[in-house]
Amino acid sequence: MTVRLFERNRTLTFIVMYSLYLYFLGLSLRNTSNALEPFKDQKRSHVAIWNWIQRFGSSQIYKRKRVSAFIIDETIIQIGWKHFWLWICIEPIHSSVLGIHISEERNMFVAENFIRSLVEKYGKHTVYTDGCTWYPQACTFLHLKQVAFYFREKSYRKSNAIFQRQD
């Protein structure tokens, strides 16, 4: 059974989540709306962002349930003319997003800070990642068990797991 967050697919799930992320970082509704301008086809008004906040809020996106493990991955995104790394952590049983982080760099220090923020919020759990070299280093430093998984259709499965709530 897949849970649908949206009745229709007008705005990409990533844009909604990114907007909520910016708003909860402290940007105003209008500044959050202005931050979406680089996504040319995805510009939304401050009223649309307000509606998303009312509908989802922080308690809807970051549900605090019993956490069994962390599945962490990162991908590069382009905002305007700059490239950033989007880090995401998903809980495997409930398929809930536990954390999102955007950084300019992709290294062991950023991974360690992201995982540390998850541990502070949810406690110590096994970390499942792809085979990148910075995860074992970060997990060793934080005294966490890290399991690397490899499969052929990584991009399909990752996008399916992250965006399964989308129409």
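**View 1. The whole chain at a glance.** Of the 167 residues in the protein chain, 43% count as buried. What you see here is a predicted model. The protein chain holds seven helices and five strands. Reading from the N terminus, these elements follow the order α-α-α-α-β-β-β-α-β-α-β-α. Among contacts in the protein chain with a separation of 6 or more, 54% are made by residues 24 or more positions apart.

**View 2. Helix H1, a mostly covered helix.** Helix H1 spans residues 13–25. With 13 residues, H1 reaches 18 Å from its first C-alpha to its last, close to the 18 Å expected at 1.5 Å a residue. Burial is the main theme of this close-up: 10 of the 13 residues in H1 are buried. You can pick them out as Thr-13, Phe-14, Ile-15, Val-16, Met-17, Tyr-18, Ser-19, Leu-20, Tyr-21 and Leu-22. After H1 comes Gly-26, with a positive phi near 125°.

**View 3. Helix H1 packed against helix H3.** Here H1 meets helix H3 (residues 46–55) at an angle of about 90°, and the two axes lie 10 Å apart. The two helices are therefore roughly perpendicular to each other. On the H1 side, look for Val-16, Ser-19, Leu-20, Tyr-23 and Phe-24; on the H3 side, their counterparts are Ile-49, Trp-52 and Ile-53. The residues of this contact comprise seven nonpolar, one polar and no charged.

**View 4. Leu-29 and its contacts.** Leu-29 sits in helix H2, which covers residues 29–35. Setting aside residues up to four places away in sequence, Leu-29 touches Tyr-23, His-46, Ile-49, Trp-50 and Ile-53. Two of these names, Ile-49 and Ile-53, also appear among the H3 residues that meet H1, as does Tyr-23 on the H1 side. The C-alpha atom of Leu-29 is separated by 9.3 Å from that of Ala-48, a residue 19 positions away along the chain.

**View 5. The hairpin of strands S1 and S2.** Strand S1 (residues 70–79) runs antiparallel to S2, and nine bridges join the two. Follow S1 to Ile-79 and you will find its bridge partner in S2, Lys-82. Two residues lie between the strands of this hairpin, where Gly-80 takes a positive phi near 65°.

**View 6. The hairpin of strands S2 and S3.** Strand S2 (residues 82–91) continues into this view, joined to S3 by seven bridges in an antiparallel arrangement. Two pairs help you to find your way: Leu-86 stands opposite Ile-102 in S3, and Ile-90 stands opposite Val-97 in S3. Both strands are mostly covered, with eight of the 10 residues of S2 buried and seven of the eight residues of S3 (residues 96–103) buried. Four residues lie between the strands in this hairpin, and Ser-95 has a positive phi near 55°.

**View 7. His-143 in a loop.** Our last stop is the loop between helix H6 (134–141) and strand S5 (146–148), where His-143 lies. Most residues other than glycine have a negative phi. His-143, by contrast, has a positive phi near 60° and is not a glycine. Is this residue, His-143, buried or exposed? His-143 is exposed, with a relative accessible area of 64%.

Key. Residues numbered from 1 in each chain as written. Predicted model: local features only at pLDDT ≥ 70, side-chain atom pairs only at ≥ 80, totals over all residues. Heavy atoms only, no water. Axes fitted to C-alpha atoms, helices over the stretch in contact; angles between N-to-C directions. Parallel < 35°, antiparallel > 145°, perpendicular 65-115°, else oblique. Contact = heavy atoms within 4.5 Å. Nonpolar A, V, L, I, M, F, W, Y, C, P; charged D, E, K, R; others polar. Expected span 1.5 Å × (residues − 1). Buried < 20%, exposed > 50% of the residue type's maximum accessible area, 1.4 Å probe, protein only. Pairing = 2+ DSSP bridges.
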